Amino acid sequence: MVTSNPSPAYVEAVSQAFGPNGDLKSAVRTILTYPLTNDVAAKRLPSAYKSPTKIVQSQKLKSPLHRVTQVLIAFGAHNQTGKLWLLGDDIQEALQMHPLSAPTVFNFYKPDFTPHGALQKMGLRAPEFELHTAATSVAYVNNTYYWFFGGYLPLVSTQIGSGPEQMMVMEFDPETLWANSKNALRFDLSEEIKIAQNRGRHDELIDRISVLLTGRTDAEVRKRIKQAYVQYADNPEWVVQTIAFMIAVSPEFTVQEA
């Protein structure tokens, strides 16, 4: 939930919280609150930055499902029926991850996996990178683009399959599912679009979405985002879509801070 490389002190704190009687609630609380006042890893990474109160260092690449879920919740994904039974096949095919679809009993990745490169040379573990391949990294960017600019959010199925082989299971055919417009998921970007209508509030809008997705703002990132939509800054919907897309595929969003 926090890091693949906990320091001995971090492990000890969680162990003590769990105690001889197995206090899981206390252990989880310690896992999540320990980083607020302590370093979580023994080795400092170059990406560490100084917050007002301490040194913070990136600890974990968010899993594909973590990123997908966060984006859907952040921008109020909804439909007219109120039934949100995600089919999941499209997410599984592109990102190799979906609930209850792990390829083996050992889950989606091995606990001791390390990608080749700097982390391996430092003797660190990064299991979540086993799913972050040349294919899935590009697919995540493409999927996010389709979501914001094309409206092609994950498919929702609320009916029994139409084919003879599917009479006892949910409908799987994408074309059939897209035909039911009331089930189709949509983002609620109405408040952001209102802000985007005023070009003088674009910095505010970028900061708003940045805080929503990353918990912080960055003046340099804000400048680069504004350059990306400078030619259509008078189209509020495109402005919002561009800002949301660029932040959702950024390292600041995809890497979870301790």
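A contact here means heavy atoms within 4.5 Å. With that in hand, let us work through some exercises together.

This is a predicted model, in which local features need pLDDT of at least 70 and side-chain atom pairs count only at pLDDT 80 or more, while totals for chains, interfaces and linings use all residues. Residues are numbered from 1 along each chain as its sequence is written, and side-chain values use heavy atoms, with hydrogens and water left out.

**Exercise 1. Describe the protein chain as a whole.**

Step one: take the contacts between residues at least 6 apart in sequence; 62% of them join residues at least 24 apart.

Step two: look at the secondary structure. The protein chain has 12 helices and 4 strands; these are DSSP runs numbered from the N terminus, with at least four residues (H or I) for a helix and at least two (E) for a strand.

Step three: find the extent. The C-alpha atoms fill a box of roughly 55 × 55 × 35 Å along the principal axes.

Step four: turn to burial. Of the 258 residues, 39% are buried, where buried means under 20% relative accessible area, exposed over 50% and partly exposed in between (1.4 Å probe, protein chains only).

**Exercise 2. Place Ser 63 and Gly 163, and decide whether each is buried or exposed.**

Step one: locate Ser 63 in the loop between strand E3 (58–61) and helix H3 (64–74). Its relative accessibility is 11%, so Ser 63 counts as buried. Leaving out residues up to four places away in sequence, Ser 63 touches Met 97 and Tyr 109.

Step two: move to Gly 163, in the loop between H6 and helix H7 (174–179). Gly 163 has a relative accessible area of 12% and is therefore buried. From Gly 163 to Asp 112 there are 51 residues in sequence and 43 Å in space, C-alpha to C-alpha.

**Exercise 3. Explore the largest nonpolar core.**

Step one: know the term. A nonpolar core is a set of buried Ala, Val, Leu, Ile, Met, Phe, Trp, Tyr and Cys residues joined through side-chain atoms within 4.5 Å.

Step two: pick out the central members. The largest core has 34 residues, and Val 71, Phe 75, Phe 148, Phe 187, Leu 205 and Ile 243 touch the most other members.

Step three: see which helices contribute. Those supplying at least two residues each include H3, helix H6 (134–150), helix H9 (202–214) and helix H11 (236–248). H11 gives the most, with 7 residues.

Step four: follow Phe 187. Leaving aside neighbours within four places in sequence, its contacts include Val 71, Phe 75, Trp 147 and Phe 148.

Step five: note a second, separate core of 8 residues, among them Val 2, Ala 13, Ala 27 and Ala 41.

**Exercise 4. Work out how H3 and H6 pack.**

Step one: two packed helices are described by the angle between their axes and the distance between the axes.

Step two: apply this to H3 and H6, whose angle is about 15° with axes 12 Å apart. The axes are lines fitted to C-alpha atoms over the stretch in contact, with angles from 0 to 180 degrees between N-to-C directions.

Step three: classify the pair. H3 and H6 are therefore roughly parallel (under 35 degrees; over 145 is roughly antiparallel, 65 to 115 roughly perpendicular, the rest oblique).

Step four: list the partners. Arg 67, Val 68, Val 71 and Leu 72 in H3 meet Tyr 140, Trp 147 and Phe 148 in H6.
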